[in-house]
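Reader: I have a structure to look at and some terms I do not follow. Please show it, and then I will ask about the words.

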Amino acid sequence: MSDLTATVNETENGFHVDGYEKISYDFTFLDGVFNPENPQLAECYRRWGRVLAVTDLNVYNVYGEQIEKYFVHHGIDLKVHKTKIGEKAKTIPTFLSIVDSMTEFGIYRKEPVLVVGGGLVTDVAGFACAAYRRNTNFIRVPTTVIGLIDASVSIKVAVNYGNYKNRLGAYHAPMHTFLDFTFLRTLPTAQIRNGFAELIKISTCSHLDTFNLLDQYCEQLIETGFGRTDGAPKEVREAADKINKEGIHEMLKLETPNLHEIGLDRVIAYGHTWSPMHELVPETPLRHGHAISIDMAYSATLANNRKLISDEEHRRILNLFSRAGLSMDHPQFNEDILDKGTAAILKTRDGKLRAAVPNPIGSCTFINDIELSELNDALRRHKELMKEYPRNGEGLEAYVDASDTGYTENNKQEVQALEKAAEEAGSLNGNGDIHGGKVGNGESNGTNGIQEKMANGSVNGLTNGINGFTNGAKA
């Protein structure tokens with residue numbers, strides 16, 4: 001939620017406006033958020049007597065009946081928009097399908113949409129809420145480790161565009177976020193591992209105590225869903241609760257002074273300098289946690305080369321990734337990808353690399369003064385080091401699969417239709433390229449007629465991005 005106060009003063013040649021926006025939102029730890037005995041979520045919708053929920057299809061298949069019974073118990077009418085989404089389906093058509101459901105539901109300006117799912121779902125649905133009437137409220141219930149630990153902390157919402165990660169987005173805070181770690185009981189181990197990387201990220205560069213706990217309980221945390229599965233040792237559950245609470249608190253302390261990313265030196269960007277290339281370049285994408293782990297491991301080697309961390313610390317970081325089954329390298333990470341990733345991030349970070357690296361474990365520094373030759377030298381050394389680790393540093397279950405719903409099926413039908421419509425309308429950016437090649441004219445989102453067609457809700461037979469398909473499934 002946000003409130004704006006502003007003043008207007010007359011100047012010699014016009015007016016000057018000063019505006020200050022207050023951003024206020026809450027986090028509640030609540031195991032069993034959809035347990036009818038816990039009315040906290042229902043109370044948020046008591047005024048409206050109804051709720052539009054946007055959720056991941058996998059989540060709905062497991063928890064749909066429980067969610068429905070919860071709102072029936074509390075006398076609140078429920079409508080559910082089920083979406084299939086993965087990194088390559090985090091697209092404008094998916095975004096528009098959510099907007100369609102909001103329009104059909106007749107959402108009021110202050111009425112909050114309920115968003116239930118992992119970080120990808122909260123990203124796209126949050127962006128739909130940010131865009132709908134320019135500011136529609138929403139409430140988050142994250143269901144994955146990444147959603148609980150990382151995506152829930154930020155107010156960033158976005159979709160990808162072509163091969164560009166989070167190219168279109170906004171800063172839009174939810175009214176409330178409910179943190180229910182019992183969802184981890186049913187989360188696949190591959191997804192637990194995927195989220196574990198985010199905790200390594202924040203602890204390596206900002207919280208030594210958390211890093212020590214991750215190091216101590218690594219395998220047990222992953223095997224027991226952070227202590228939530230039946231029979232998990234009490235000691236592991238208690239360690240997990242401490243890790244989660246302190247990890248989220250540390251993320252909030254780092255993020256809240258810089259919610260709109262006005263400052264570009266960001267500690268929590270450790271692992272996010274070259275990782276976007278790893279996620280979107282492969283035909284089958286790497287999971288986010290594995291992509292940032294490759295980046296973090298390589299960045300640790302770079303830091304070690306510069307004597308910012310000792311040899312012992314360097315090995316401790318690499319060993320933790322390996323024990324967790326997280327990726328530290330993959331065949332497509334080469335000098336060309338390194339060069340392209342560097343060029344892309346320089347634009348995002350206003351001309352500076354701002355690569356966050358540990359210095360030492362538990363604290364952070366930013367690297368700017370570096371030549372491509374040094375980056376390449378570090379990559380060659382890193383690949384030699386990887387030969388000492390299982391699978392040459394490649395991770396376990398590193399690539400997206402059916403537990404990452406819709407990672408290709410959404411994307412291909414919808415994006416190909418949009419590409420064809422763009423070409424017929426006069427091409428994108430004057431050269432017909434959407435992604436995978438050169439993009440000119442500031443990477444604009446389509447010209448020469450496609451914007452007008454989209455405004456009218458139809459592009460080559462698509463109605464708001466749906467051509468007989470709703471999120472990848474035949475309607």
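Author: This is a predicted model. Start with helix α10 (residues 288-305) and helix α13 (residues 372-386), whose axes lie 9 Å apart and make an angle of about 110 degrees.

Reader: Why is α10 called roughly perpendicular to α13?

Author: Angles of 65 to 115 degrees count as roughly perpendicular. The angle here is about 110 degrees, so α10 is roughly perpendicular to α13. The crossing of α10 past α13 is right-handed.

Reader: Which residues in α10 meet α13?

Author: Ala 297, Tyr 298, Thr 301, Leu 302, Asn 304 and Asn 305 do, and among their partners in α13 are Leu 375, Ala 378 and His 382. By class, this contact of α10 with α13 has 7 nonpolar, 4 polar and 2 charged residues.

Reader: What makes α6 and α10 oblique to each other?

Author: Helix α6 (residues 189-206) crosses α10 at roughly 40 degrees, and their axes come within 7 Å. Roughly parallel needs an angle under 35 degrees, and roughly perpendicular needs 65 to 115. The angle of roughly 40 degrees fits neither, and α6 and α10 are therefore oblique. Here the crossing is left-handed. The contact of α6 with α10 includes 4 nonpolar, 5 polar and 3 charged residues.

Reader: Which residues have the most contacts inside the largest nonpolar core?

Author: They are Phe 196, Leu 221 and Phe 226, in a core of 71 residues. Its largest share, 9 residues, comes from α10. A second, separate core has 24 residues, including Leu 52 and Ile 107.

Definitions and conventions. Residues are numbered from 1 along each chain as its sequence is written. This is a predicted model: local features need pLDDT of at least 70, side-chain atom pairs count only at pLDDT 80 or more; totals for chains, interfaces and linings use all residues. Side-chain values use heavy atoms; hydrogens and water are left out. Axes are lines fitted to C-alpha atoms, for helices over the stretch in contact, and angles run from 0 to 180 degrees between N-to-C directions. Helices (H or I, at least four residues) and strands (E, at least two) are DSSP runs, numbered from the N terminus. Angles under 35 degrees count as roughly parallel, over 145 as roughly antiparallel, 65 to 115 as roughly perpendicular and the rest as oblique. A crossing is left-handed if the near helix is turned anticlockwise from the far one by less than a right angle, and right-handed if clockwise. Contact means heavy atoms within 4.5 Å. Ala, Val, Leu, Ile, Met, Phe, Trp, Tyr, Cys and Pro count as nonpolar, Asp, Glu, Lys and Arg as charged, and the others, Gly among them, as polar. A nonpolar core is a set of buried Ala, Val, Leu, Ile, Met, Phe, Trp, Tyr and Cys residues joined through side-chain atoms within 4.5 Å. Buried means under 20% relative accessible area, exposed over 50%, partly exposed in between (1.4 Å probe, protein chains only).
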